[in-house]
Amino acid sequence: MQPKASMSGWKRVTPALDVEIKHGVPVHVYCNDSVQPRDDSQITDRVHKLTGLTVSVRDAINLSTKEHEWSVCVDKSEFEEVLHRLALASAALYVDRFHKPVDHTATDWDEAEFSYDFNHAMEHCCIPWGSLNKQSYFDRYVNVMHKESTRLVNAGISPLVEAE
């Protein structure tokens, strides 16, 4: 099975239900079915089975009588896992661009990617801005990103990176 952090794109979970995933994190659910809208618990169970993350759906939009779309919120208790997955994706991006591991000299990369990924993790988990101490996550994030980039280079893995 594909590692969850490298999973991106639209994935079919039932014949009428698709999930949009970015770097292993579900962001949207789309359903094309005349019997819809489905029960929210059925949708969230399917997303959990696919991604391993506990989610809720919200902001339902009826695109037509047979098409529905929802935004996804990952459970706040899984914020660190979401940030971890984003750090793995940032490591892959660095290796793809520079063909070497991230090291201690890449401080600008560390800070920029951390800020970008931290903000996205907050959005994915629907956490209000300013409610987490951002700096308390920095060292773990950088450590994960550096280790993953070293692992990729040492293993000779040339990751497939989808453009944002």
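**Stop 1: α2 against α3**

Select α2 and α3 first: they cross in a right-handed sense. This is a predicted model. The two axes come within 9 Å and cross at roughly 140 degrees. The pair counts as oblique, because only angles over 145 degrees count as roughly antiparallel.

Now show the side chains of the contact. From α2, pick Phe79, Val82, Leu83, Leu86, Ala87, Ser90, Leu93, Tyr94, Arg97 and Phe98. From α3, add Trp109, Glu113, Phe114, Asp117, Phe118, His120, Ala121, Met122 and His124. Colour them by class: you should get 13 nonpolar, 3 polar and 3 charged residues.

**Stop 2: α2 against α4**

Keep α2 and bring in α4. Their axes come within 8 Å and cross at roughly 45 degrees. The two helices are therefore oblique to each other. This crossing, too, is right-handed.

Which residues of α2 meet α4? Select Glu80, Leu83, His84, Leu86, Ala87, Leu88, Ser90, Ala91, Ala92 and Val95. On the α4 side, select Arg140, Tyr141, Val144, Met145, Glu148, Ser149, Leu152 and Val153. The class colouring now gives 12 nonpolar, 3 polar and 3 charged residues.

Leave Leu83 highlighted for a moment. Leu83 is listed in the α2 contact with α3, and Leu83 also meets α4. Leu86, Ala87 and Ser90 belong to the contact with α3 and also to the contact with α4.

**Stop 3: α3 against α4**

Hide α2. Select residues 107-124 for α3 and residues 138-154 for α4. These helices pack at an angle of about 110 degrees, with axes 10 Å apart. That makes α3 roughly perpendicular to α4, because the angle falls in the range of 65 to 115 degrees. The crossing is right-handed.

From α3, display Trp109, Asp110, Glu111, Glu113, Phe114 and Asp117. From α4, display Phe138, Tyr141, Val142, Met145 and His146. By class, the contact holds 6 nonpolar, 1 polar and 4 charged residues.

Some side chains were on screen before. Trp109, Glu113, Phe114 and Asp117 of α3 touch α4 here, and they were part of the contact with α2. Tyr141 and Met145 of α4 take part here, and they also meet α2.

**Stop 4: two histidines with positive phi**

Go to histidine 23. Find this residue in the loop between β2 (17-22) and β3 (25-32). Check the backbone: phi is positive, about 55 degrees, although the residue is not a glycine. Is histidine 23 buried or exposed? Histidine 23 counts as buried, because its relative accessibility is 16%.

Jump to histidine 99, in the loop between α2 (79-98) and α3. Histidine 99 is not a glycine either, and its phi is also positive at about 55 degrees. With a relative accessible area of 65%, histidine 99 is exposed.

**Stop 5: aspartate 75**

Select aspartate 75, in the loop between β5 (67-74) and α2. Aspartate 75 is partly exposed, because its relative accessibility is 33%. Draw a C-alpha to C-alpha distance from aspartate 75 to leucine 53. The viewer should show 7.6 Å, across 22 residues of sequence. What does aspartate 75 contact, leaving aside neighbours within four places in sequence? Show Thr54, Val55 and Cys125.

**Stop 6: aspartate 59**

Next, move to strand β4 (residues 55-62), which holds aspartate 59. Aspartate 59 counts as partly exposed, at 46% relative accessibility. Not counting residues up to four places away in sequence, aspartate 59 touches Glu69, Trp70 and Ser71.

Draw one more C-alpha distance, from aspartate 59 to arginine 97. These residues are 38 apart along the chain, and their C-alpha atoms are separated by 36 Å. Arg97 appeared earlier, in the α2 contact with α3.

**Last stop: the whole chain**

Zoom out and show a cartoon. The chain has 4 helices and 5 strands. Trace them along the sequence: the pattern is β-β-β-α-β-β-α-α-α. The radius of gyration is 17 Å, close to the 15 Å that the globule rule gives for 164 residues, so the chain is as compact as a globular protein of that length.

Align the view to the principal axes. The C-alpha trace spans about 55 × 35 × 20 Å. Colour by accessibility: buried residues make up 45% of the 164. Finally, turn on a contact map. Among contacts between residues at least 6 apart in sequence, 58% join residues at least 24 apart.

Terms used
Residues are numbered from 1 along each chain as its sequence is written. This is a predicted model: local features need pLDDT of at least 70, side-chain atom pairs count only at pLDDT 80 or more; totals for chains, interfaces and linings use all residues. Side-chain values use heavy atoms; hydrogens and water are left out. Buried means under 20% relative accessible area, exposed over 50%, partly exposed in between (1.4 Å probe, protein chains only). Contact means heavy atoms within 4.5 Å. Axes are lines fitted to C-alpha atoms, for helices over the stretch in contact, and angles run from 0 to 180 degrees between N-to-C directions. Angles under 35 degrees count as roughly parallel, over 145 as roughly antiparallel, 65 to 115 as roughly perpendicular and the rest as oblique. A crossing is left-handed if the near helix is turned anticlockwise from the far one by less than a right angle, and right-handed if clockwise. Ala, Val, Leu, Ile, Met, Phe, Trp, Tyr, Cys and Pro count as nonpolar, Asp, Glu, Lys and Arg as charged, and the others, Gly among them, as polar. The radius of gyration is taken over C-alpha atoms; the globule rule is 2.2 Å times the number of residues to the power 0.38.
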